[in-house]
Amino acid sequence: MDVPLSLSCRRLSTTILTPGTGDGSSFPGDSSTRSILMPDRKIGLYEDLVTRVTNFINEDKGLMILAGDVFDVPIRKDIIHRVVLWQLAKRQQGTHSTKTISEVSGTGKKPYQQKGTGRARHGTLRGPQFRGGATMHGPKPRSHAIKLNKKVRRLGLKIALTARVAEGKLLVFEDLEVLTHKTKNIVNYVNEMENTKKLLLVDGGPINEKLKLATQNLHYVNVLPSIGLNVYSILLHDTLVISRSAVDRIVERMHTPINRRTLVTLCA
């Protein structure tokens with residue numbers, strides 16, 4: 001019996017699926033030992049997807065349902081472009097500064113008389129035409145941030161996650177616990193993965209100290225908490241590994257109402 005790739009129930013966004021007895025409420029006992037294949041299908045139908053849960057040593061940890069409204073949305077490159085521009089502009093420091101004529105160090109005395117010398121007329125040596133003088137209309141400290149609606153930012157993250165799922169480059173782990181802080185274990189794991197040049201590990205809570213030590217010397221492996229997951233980081237890495245708790249938190253984050261008034265109404 002093949003495992004279905006989509007379920008109609010939207011509320012089972014991150015339900016844990018375990019091998020059952022075939023009574024219809026769970027998957028057959030032999031399904032957890034097989035990898036879940038993603039056949040050619042149309043993307044963006046908001047269908048819940050079933051994925052296999054493993055760990056660093058490739059042990060089978062059951063199945064998990066990925067919410068269709070987060071991991072199966074229509075791909076829009078224009079939204080990704082807008083979100084990346086917003087991220088890159090927001091992270092610019094904007095500390096560049098030049099000195100105006102009132103800020104340049106130097107005398108304010110007229111260098112020579114106005115007429116009779118045959119030279120050009122100058123009232124100060126701090127002008128922009130002199131070496132060491134002022135800079136006219138130069139940059140001043142400012143913010144480069146641009147405005148982007150929260151709905152667009154949230155949609156960009158959903159699209160990035162959908163793209164990785166469609167490519168088969170999103171893996172779900174039971175957790176990101178490692179037995180040792182040795183870097184060679186992470187290196188061996190990455191080498192076993194096919195067509196992986198840069199790997200992003202996302203955990204639900206604080207990053208494990210052993211995992212930090214194991215990955216800090218690898219420029220092609222980065223670790224993020226789920227709250228810090230963003231579009232630009234996903235695009236920089238060709239493979240995304242998310243823990244089970246991180247998936248739950250990401251789905252909860254995407255389902256939280258943006259409007260505070262709506263949130264207050266729902267709570268009431």
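In helix 3, the buried residues are V152, R154, G156, L157, K158, I159, A160, L161, T162, R164 and V165. This helix is a good place to begin a tour of the structure, which is a predicted model. Its length can be checked with simple arithmetic: at 1.5 Å a residue, the 18 residues of helix 3 should span 26 Å, and the end C-alpha atoms are indeed 26 Å apart, so the two values agree. Just after helix 3 comes G168, with a positive phi of about 75°.

For a view of the whole, the protein chain holds eight helices and seven strands. The chain has 268 residues, and 37% of them count as buried. Its accessible surface comes to about 16,500 Å², with 52% of that area belonging to carbon and sulfur atoms. Among the contacts with a separation of 6 or more, 70% join residues 24 or more positions apart.

Two other helices pack against helix 3. Helix 2 (residues 77-90) meets helix 3 at an angle of about 115°, and the two axes lie 9 Å apart. The crossing of helix 2 and helix 3 is left-handed. On the helix 2 side, the contact is made by I79, I80, R82, V83 and W86, while helix 3 contributes V152, R153, L155, G156, I159 and A160. Among these contact residues of helix 3, V152, G156, I159 and A160 also appear in the list of its buried residues.

The second partner is helix 7, which packs with helix 3 (residues 150-167) at an angle of about 145°, the axes being 11 Å apart. Here too the crossing is left-handed. R154, L157, K158 and L161 of helix 3 meet I250, R253 and M254 of helix 7 in this contact.

Helix 7 can be examined in the same manner. The twelve residues of this helix (residues 244-255) should span 16 Å at 1.5 Å a residue, and the end C-alpha atoms are 17 Å apart, which agrees. Its buried residues are R244, A246, V247, I250, V251 and M254. Because these residues cover an arc of only 160° around the axis, they sit on the same side of helix 7. A general feature of helices is helpful here: an α-helix has 3.6 residues a turn, so residues three or four places apart point the same way.

Helix 4 (residues 183-192) offers another case of a buried face, with I186, Y189 and V190 buried. Viewed down the axis of helix 4, the buried residues fall within an arc of 95°, so they line one face of the helix. The face turned away from this buried side carries the exposed residues K184, N191 and E192. What covers the buried residues of helix 4 includes strand 4 (170-173), strand 5 (199-203), helix 5 (209-215), strand 6 and strand 7 (239-243).

One of these covering elements, strand 6 (residues 221-225), contains N222. With a relative accessibility of 31%, N222 counts as partly exposed, because the value falls between the limits of 20% for buried and 50% for exposed. Beyond its neighbours within four places in sequence, N222 is in contact with L199, L200, L201 and H237. N222 and V202 are 20 residues apart along the chain, and their C-alpha atoms are separated by 8.7 Å.

The loops also hold some points of interest. Most residues other than glycine have a negative phi, and most peptide bonds are trans. Against that background, N195 has a positive phi of about 55° although it is not a glycine. N195 lies in the loop between helix 4 and strand 5, and it is exposed, with a relative accessible area of 68%. Y46 likewise has a positive phi, of about 60°, without being a glycine. Y46 is placed in the loop between strand 1 (16-17) and strand 2 (49-54), and at 38% relative accessibility it counts as partly exposed.

A further loop, between helix 2 and helix 3, contains G123. With a relative accessible area of 47%, G123 is partly exposed. Leaving aside its neighbours within four places in sequence, G123 is in contact with G108, K109, K110 and P111. G123 and Q113 are ten residues apart in sequence, with 9.0 Å between their C-alpha atoms.

Notes
Residues are numbered from 1 along each chain as its sequence is written. This is a predicted model: local features need pLDDT of at least 70, side-chain atom pairs count only at pLDDT 80 or more; totals for chains, interfaces and linings use all residues. Side-chain values use heavy atoms; hydrogens and water are left out. Helices (H or I, at least four residues) and strands (E, at least two) are DSSP runs, numbered from the N terminus. The expected span of a helix is 1.5 Å times one less than its number of residues. Buried means under 20% relative accessible area, exposed over 50%, partly exposed in between (1.4 Å probe, protein chains only). The arc is that of the directions from the helix axis to the C-beta atoms. Contact means heavy atoms within 4.5 Å. Accessible areas come from the Shrake-Rupley method with a 1.4 Å probe; for residues, only the protein chains shown count as cover. Axes are lines fitted to C-alpha atoms, for helices over the stretch in contact, and angles run from 0 to 180 degrees between N-to-C directions. A crossing is left-handed if the near helix is turned anticlockwise from the far one by less than a right angle, and right-handed if clockwise.
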